[in-house]
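Reader: I would like a close look at one part of this structure, the surroundings of the ligand. Please take me through that part slowly, and then through what lies around it.

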Amino acid sequence: MAVEVVEELSGLDDVSFARDLAARTGELLLRVREEVGYADFWTLQDEGDRAAQVFIDRQLRAHRPDDAILSEEAPDDWVSRESADRVWIIDPVDGTSAFARRGSTEWAVHVALWEAGELVLGVVARPATGEIFDSQTVQLAPVQHPGRVRVAASRSRASDIVRAVCHDVHAEVVTMSSAGVKALAVVTGEVDAYLHTGGQSQWDNAAPVAVALGAGLVATRFDGSPIVYNGPEVEIDDLIICRPERIDEFRSAIDSRL
Ligand SMILES: Nc1ncnc2c1ncn2[C@@H]1O[C@H](COP(=O)(O)O)[C@@H](OP(=O)(O)O)[C@H]1O
Ligand SMILES: [Mg+2]
């Protein structure tokens, strides 16, 4: 069935547009969960990815026709990205396996905008909890567990180096699905940092990093360099998102483990 262009998305500035797009995609994904059900994990994953991708692509092409798109669920067109002034970096469902697990809320919709060399906007929505954060209005919350150091890491792929760094800073490892969910856990003070090694793609962390930077968090590669988006390679080897008051201890632990 052809997907309709949502007229309410017309005339919005980029932040409102991106928020509304992420929110509507989240509502769509909740409907897909209801309609498809959980009997077949792979069918639900595939249908969520497909429906969200088709919806987002349709709205971006209608409402932002001059911009390029980099999405997990579409073939990468580096030629169009290379010459574009603006590129939307999209993960229609981040934490796809959690999306297909009944009861899990650890999945997110990522919408980010790169313009003239840098991320200018990011939205991370958690449809199953109703939370939505954008880089322009996000505020860093106080830590929820004072006196403890807590680090979010991949539920399925927490690496040895992440565990070693956590050991060195006496941090408790809190595993969660979805890069967006983990970045938001830093923003909301549930954890002090999110660490990832072993690879990720630009769509996994562009919107989370934009939101983190908007909140005043540190978000860099493990070596401290900025994360570069809209490069020819979609892969990003590692990243750390961290509360500023903790970054020195994490940085020295990482340096001694690299
Ligand atoms: N080693 C790796 N290589 C490539 N992608 C990875 C990765 N580790 C994690 N990711 C991606 O990063 C996102 C968050 O992973 P995790 O939940 O394990 O932290 C997931 O995105 P998707 O769910 O969009 O595929 C996952 O596929
Ligand atoms: Mg992803």
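Author: Sorted by class, the shell around ligand 1 holds 10 polar residues, 6 charged residues and 1 nonpolar residue. This is a predicted model, and the description below should be read with that in mind. The shell counts 17 residues, and those that come nearest to ligand 1 are Thr96, Ser154, Gly198, Gly199 and Asp204. Two strands, E2 and E9 (200–201), supply at least two residues each to this shell.

Where does ligand 1 lie with respect to the two domains? Domain 1 (7–134) and domain 2 (149–257) both give residues to its shell, so ligand 1 lies between them.

That leads to the domains themselves. The chain is divided into domain 1, covering 7–134, and domain 2, covering 149–257. Taken over C-alpha atoms, their centres are 21 Å apart. The two are in contact through 30 residues of domain 1 and 23 residues of domain 2. On the domain 1 side, the elements that give two or more residues are the strands E1 (68–71), E2 (86–94), E3 (108–115), E4 (118–126) and E5 (131–134), together with the helices H3 (78–83) and H4 (96–99). Strand E4 provides the largest share of that side, with 6 residues. By class, the side of domain 1 that touches domain 2 has 16 nonpolar, 9 charged and 5 polar residues. Strand E2 thus appears twice in this account: it gives residues to the shell around ligand 1, and it also gives residues to the side of domain 1 that touches domain 2.

Asp204 offers a way onward. It is among the residues that come nearest to ligand 1, and in helix H7 it also takes part in the contact with helix H6. Helix H6 spans residues 179–187 and helix H7 spans residues 202–214; their axes are 8 Å apart and make an angle of about 10 degrees. That angle makes H6 roughly parallel to H7. The crossing of H6 past H7 is right-handed. From H6 the contact uses Ala179, Gly180, Ala183, Val186 and Val187, and these meet Asp204, Asn205, Ala207, Pro208, Val211 and Ala212 in H7. In this contact 8 residues are nonpolar, 2 are polar and 1 is charged.

Another helix pair is H5 (residues 160–168) and H8 (residues 247–257), whose axes come within 9 Å and cross at roughly 130 degrees. H5 and H8 are therefore oblique to each other. H5 passes H8 in a right-handed crossing. Ile161, Ala164, Val165 and Asp168 of H5 make the contact with Phe250, Ala253, Ile254 and Arg257 of H8. This contact has 6 nonpolar and 2 charged residues, and no polar ones.

A further pair is formed by helix H1 (residues 14–36) and helix H2 (residues 41–63), which pack at about 150 degrees with axes 9 Å apart. This makes H1 roughly antiparallel to H2. Their crossing is right-handed. Among the residues in contact are Phe17, Leu21, Leu28 and Val36 of H1, and Leu44, Ala51, Phe55 and His63 of H2. By class the contact of H1 with H2 has 11 nonpolar, 5 polar and 2 charged residues.

To return to the part you asked about: ligand 1 lies between domain 1 and domain 2, and its shell has 10 polar, 6 charged and 1 nonpolar residues.

Notes
Residues are numbered from 1 along each chain as its sequence is written. Chains are lettered from A and ligands numbered from 1 in the order in which they are written. This is a predicted model: local features need pLDDT of at least 70, side-chain atom pairs count only at pLDDT 80 or more; totals for chains, interfaces and linings use all residues. Domain bounds come from an automatic or database domain assignment. Two residues are in contact if their C-beta atoms, placed from the backbone, lie within 7 Å. Helices (H or I, at least four residues) and strands (E, at least two) are DSSP runs, numbered from the N terminus. Ala, Val, Leu, Ile, Met, Phe, Trp, Tyr, Cys and Pro count as nonpolar, Asp, Glu, Lys and Arg as charged, and the others, Gly among them, as polar. A residue is near a molecule or strand if its C-beta atom, placed from the backbone, lies within 6 Å of it. Axes are lines fitted to C-alpha atoms, for helices over the stretch in contact, and angles run from 0 to 180 degrees between N-to-C directions. Angles under 35 degrees count as roughly parallel, over 145 as roughly antiparallel, 65 to 115 as roughly perpendicular and the rest as oblique. A crossing is left-handed if the near helix is turned anticlockwise from the far one by less than a right angle, and right-handed if clockwise.
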